Amino acid sequence: MMDVKDRYIIDTIIEKCEGVRDPALIILQNVQEILGYVGKEYLEYVSEKSGYPLVELYGIITFYPQFKLNPPGKNTIKVCQGTACHVRGSDRILGTLEELLKISPGETTENRLFSLESVRCLGCCGLAPTIMINKKTYGRVKPSNLKNILAEYEEVDQYVVE
Amino acid sequence: MMKPRVAFFDFASCEGCQLQVINLEESILDLIDAVDIVSFRETMKEHSDEYDIAFIEGSIVRPMDEERLKKIRSNAKFLIALGDCACTGGVNKLRNLLPVDEVVEKAYGDVYDNKYFEVEPAKAIDEVVDVDFYIRGCPIRKDQLLYYVNRFATTPPHKNLDMRFDVVPKEGEVDARSIIQYNPKKCILCRRCHVVCNEVLNVHTIGISQKGNRSIISTPFGVGLEGNKCIFCGQCLVSCPVGAFSEKSDVNKVSAMLKDPSNFVVFVVDPIAITSFIETLPGSDRDMGAEIGKIITALKEMNAKRVMDFTPYTYLSYAAQGEYIRDNRTMTFSSWCPSVQEYLEKFYPEYQRYTHPETSPANFLLKTIKSKYPEENLKIVLVSPCIAYKTSDAFDGVLTSRELSALFKSNEIDLDLYSCKKVDFDKDIEMERTYIRGVRSDYSYARLILEIAYMSKFHNLDVTLNVTPIEDYVYEFAFDSEEGFFSALLIEDMSKLRKYLSKGIEKYNLVEFYPCLHGCISGGGQVLTNSLETIDKRIAMLKEYKGVTDLKNDFISQVIKAYSQLKEVI
C-alpha cells in the first residue's frame, strides 16, 4: 500500500522530469529503481500526477520486461535458459524450482522470500547449467542440490522445504 | 514417376518473391530434388514451354502482359500466384487511384512513345486467368513455398483452393465479462480501437498491452470494462475491421421470450438501426419502408404482440427537455445518449447535476408502454443502434442491428420471402414521421429542443435561430430577438468538451455532445462503420424513409401537444 513516503518519492521523480520530452518511461524506470516495482497503486498515482492515461502506462510496463508489477521477493533467483544450459538440462532445474517454490517464472512466493525469473544467458556457459541468486552464481547445478542452495537463503520459520 | 516440371514467371513486381526462392540456401537442394525447374529467368538462361506448374510473380499492368499470362495458363496444369502482387495486385494497384495517362506522364514524362509503355490499370493475376493456388505474403515465406512444391511432387492437391499455411492462432480466451466482448484470437492488432478510444474520444479505457505475439487489447490490469472508465459507446466495436469485438448477445434470450406464448412481447425498433440492418442483407438498393414492413411482419409472426417505432419517444424526450429549459435557468446536458450520462458520471462527476435522465427517450418509452399495456408478462425489447442500452436492465432485451439479423437467422426466417407490402409500426402516440436529424448541425436535436422551448413559451416561432460555427465540430445556436435567451452548444467531437467546460459552459441552456461519429447513425450497435460514405448512405436512407420536412410550427406544436397529453397519462 502507498504511504506518504511513496507519494513523496513519486512526486519528486515527476518534478525532476519536468521539461523532459515524453518522460513516461523515465518516470516508470525511476519508480521501479527506487521503490523496487511498479505496482497498481503506484501506477495509478503516476497517472494522476503526470497526466499520462493509465492504459498507456500499463501498456509500457507490460511491454518492457524490466518492469515488475508485483513486489519482488527478498531474493531473486535467475535460472539460465541459454543454449549451453538448455542442453545440460536447465529445464529440469527450472521445473524443480517451480515445484519447490510453488511459483512460475515471474512470480514471487507467498512469503516474499524468493522470486523466480528465467533469463537467457548468464555468461558462464562453462558452468552450465547455472542459476544466480541475487549476485551469487551457482554452476553445475543439479536438481538434487537445489534444496540445499535454497536453504542458505531461508530465514528460520519463514519457509519450510517439504 | 516423372518429376513435376516447374517454371517461374514474373510480371510487374520487385522480383523479391523469386529472390526468396533463390535464398532457400541448402533447402534449394530439396527443391531441385523434388521438381525439375525448366524456366527461371532470375537464375538460368534455359527456357522451355513444357511445364506442369507455373509460379507467377507480379501483377498485370499491360495488355501485352495479359497475352503472355494467358499463354502461360494454357501451357500449365497448375498456376500458382506467388506473393501479394500476384494474389491481390499489391502495391502496383496503388496507381489505379489515378488515371492511366497521368501515371504514365508522371513516371516517364516525354519518352512516352514506346509499345512497352502501353499500360492499363493494374490487375491481380486472377482478374485475367484462373488461379489454382495462392501463396500470399510480401515477400512470401520460404517454408511455405517448399511446402507447396513438396505437396505437388507427392500428391497434387485439389484445385481452386486458397491454402493458408500453418497460421497458429493466438492463444487467449474471449473476454466475456462485459457487454462488449473481446476475442484475442481474432484481433489483428491494427490498433483502430486503441486510436478511437484514446486519441479520438479521450476515454482511455482500452489500449495495447504485452508485446510480440502475446499482445492484446486490454484495459489497465485487465480489470474489465465495468471497472474502468468505459462509457460503452461501442466505437471500438464498430471500428474493428475483423470483428474481434462483439456485443453480449441477447438473441437467445429474446428467442426464448418469443417462444413462450404467455409473454406479451413489445418490440420497439429504432429506424436508425434498420439502416444498418439493411447492410447485412444481400444486394443493394433496398427500400427501407419495405424492409421495415417485412421486419414487422416477421416479428409478429414470431409472436411479438406490438412492434413500435422508437422515434416518437425521442420527440417526447425533446419536448420534455424543451419545457425544462423554458422553466429553468440552469444549464442542462442532452439526456438521450446513455454514453453521455456514463461519461459525465465517470469523468466529470461535478457536472452530473446538470443531467436529467428522467427526460430520456428510454424513460418515456418504458413509462408509456408500461401504462398502455398493464399485462403481467410484458416484455419490452429494444432494437437500437446504441449498444449502451445493454448496460441498463430496464429493458428485457436489447438487440443491435447485427443481433436482429442473428435473431432472424437463428429462427430460420428469410426476410426476402415476405411480400413488400408496406406495414407500418403500431402507434400509441399520434405524431408525424419526419426526418429532423442531419449531420453537421443543420438539424441537431439541440436546435429542435431550443425551438420547442421557444415555441412553448411564446406560442410561435417567428424568430430566427442563429447558427454560429465556433470551430470544427462545434456549433452555437441562439435566438436572435429581444426575448432571445435560449442558447445551445453542440459539440460533435467529444474530446473538445474539456475545453468548453473550463470556458464557462454554464451560460448555455443546453449542451449536446456524443461519442459516436455523427451521432446514433454510427452507434456501437451498428455494423462496421469505417467510412463517411456508409454514414451518408444510411442518412440518405433514413431521409427517404421518413421524408424531410422543415421544422414547421405545426410539427413542433404537435410534439408539444403529444407531450402534454402523455403527461396526463403517465
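## Sheets, domains and packing in a two-chain predicted model

An open sheet in chain B is built from five strands in the order 12-18-17-16-15, and the pairing within this sheet is mixed. Strand 12 (332–333) and strand 15 (465–471) of chain B occupy the edges with a single partner strand each, so one side of each is left without a neighbour in the sheet. The model is a predicted one, and the values that follow are computed from its coordinates.

Within the five-strand sheet, strand 17 (residues 487–491) of chain B runs parallel to strand 18 (residues 510–513) of chain B, and four bridges join the two. One position in this pairing can be named at the residue level, for B:Leu489 stands opposite B:Val511, which lies in strand 18 of chain B. In general, the strands of a sheet pair through backbone hydrogen bonds, in either the parallel or the antiparallel sense.

### Strand 13 and its partners

How many of the six residues of strand 13 of chain B are buried? Five of them are, so that this strand, which covers residues 378–383, is mostly covered. Strand 13 of chain B pairs in the parallel sense with strand 10 (residues 264–269) of chain B over six bridges, and strand 13 also runs parallel to strand 14 (residues 397–399) of chain B, to which three bridges join it. B:Leu382 takes part in both pairings: this residue of strand 13 is the bridge partner of B:Val268, and B:Leu382 also stands opposite B:Val398 in strand 14 of chain B.

### The two chains in outline

Chain B contains 19 helices and 18 strands, whereas chain A has seven helices and four strands. Read along the sequence, the elements of chain A follow the pattern α-α-α-α-β-α-α-β-β-β-α. The table sets out further values for each chain.

| Chain | Residues and buried share | C-alpha span along principal axes | Accessible surface | Carbon and sulfur share of surface |
|---|---|---|---|---|
| Chain A | 162 residues, 44% buried | about 50 × 35 × 25 Å | about 9,300 Å² | 49% |
| Chain B | 570 residues, 53% buried | about 95 × 65 × 50 Å | about 26,400 Å² | 51% |

The sequence separation of contacts can be described for each chain in turn. Among the contacts in chain B between residues at least 6 apart in sequence, 71% join residues that are at least 24 apart, while in chain A the corresponding share, again among contacts between residues at least 6 apart, is 59%. As for charge, chain B carries 69 positive and 84 negative charges, whose mean positions are 3 Å apart, and in chain A the mean positions of the 19 positive and 22 negative charges are 9 Å apart.

### Domains

The domain assignment divides chain B into domain 1 (5–154), domain 2 (180–247) and domain 3 (252–569). Taken over C-alpha atoms, the centres of domain 1 and domain 2 of chain B are separated by 39 Å. For chain A, the domain assignment gives domain 1 (4–63) and domain 2 (75–151), and 31 Å separate the centres of these domains of chain A, again taken over C-alpha atoms.

### Two helix residues of chain B

Is B:Leu69 buried or exposed? This residue, which is found in helix 3 (residues 63–75) of chain B, has a relative accessible area of 0% and is therefore buried, the cut-off being under 20%. If its neighbours within four places in sequence are left aside, B:Leu69 is in contact with B:Phe11, B:Ile56, B:Ile60, B:Ile125, B:Val128 and B:Val129. One of these partners, B:Val128, lies 59 residues away from B:Leu69 along the chain, yet the C-alpha atoms of the two are separated by 7.9 Å.

B:Ser27 is found in helix 2 (residues 27–34) of chain B. With a relative accessible area of 21%, B:Ser27 counts as partly exposed, because buried means under 20% and exposed means over 50%. The C-alpha atoms of B:Ser27 and B:Leu146 are separated by 8.3 Å, although the two residues are 119 residues apart along the chain.

Notes:
Residues are numbered from 1 along each chain as its sequence is written. Chains are lettered from A and ligands numbered from 1 in the order in which they are written. This is a predicted model: local features need pLDDT of at least 70, side-chain atom pairs count only at pLDDT 80 or more; totals for chains, interfaces and linings use all residues. Side-chain values use heavy atoms; hydrogens and water are left out. Buried means under 20% relative accessible area, exposed over 50%, partly exposed in between (1.4 Å probe, protein chains only). Contact means heavy atoms within 4.5 Å. Accessible areas come from the Shrake-Rupley method with a 1.4 Å probe; for residues, only the protein chains shown count as cover. Lys and Arg count as positive and Asp and Glu as negative; His and the chain ends are not counted. The place of a charge is taken as NZ of Lys, CZ of Arg, CG of Asp or CD of Glu. Two strands pair if DSSP finds at least two bridges between them. Domain bounds come from an automatic or database domain assignment.
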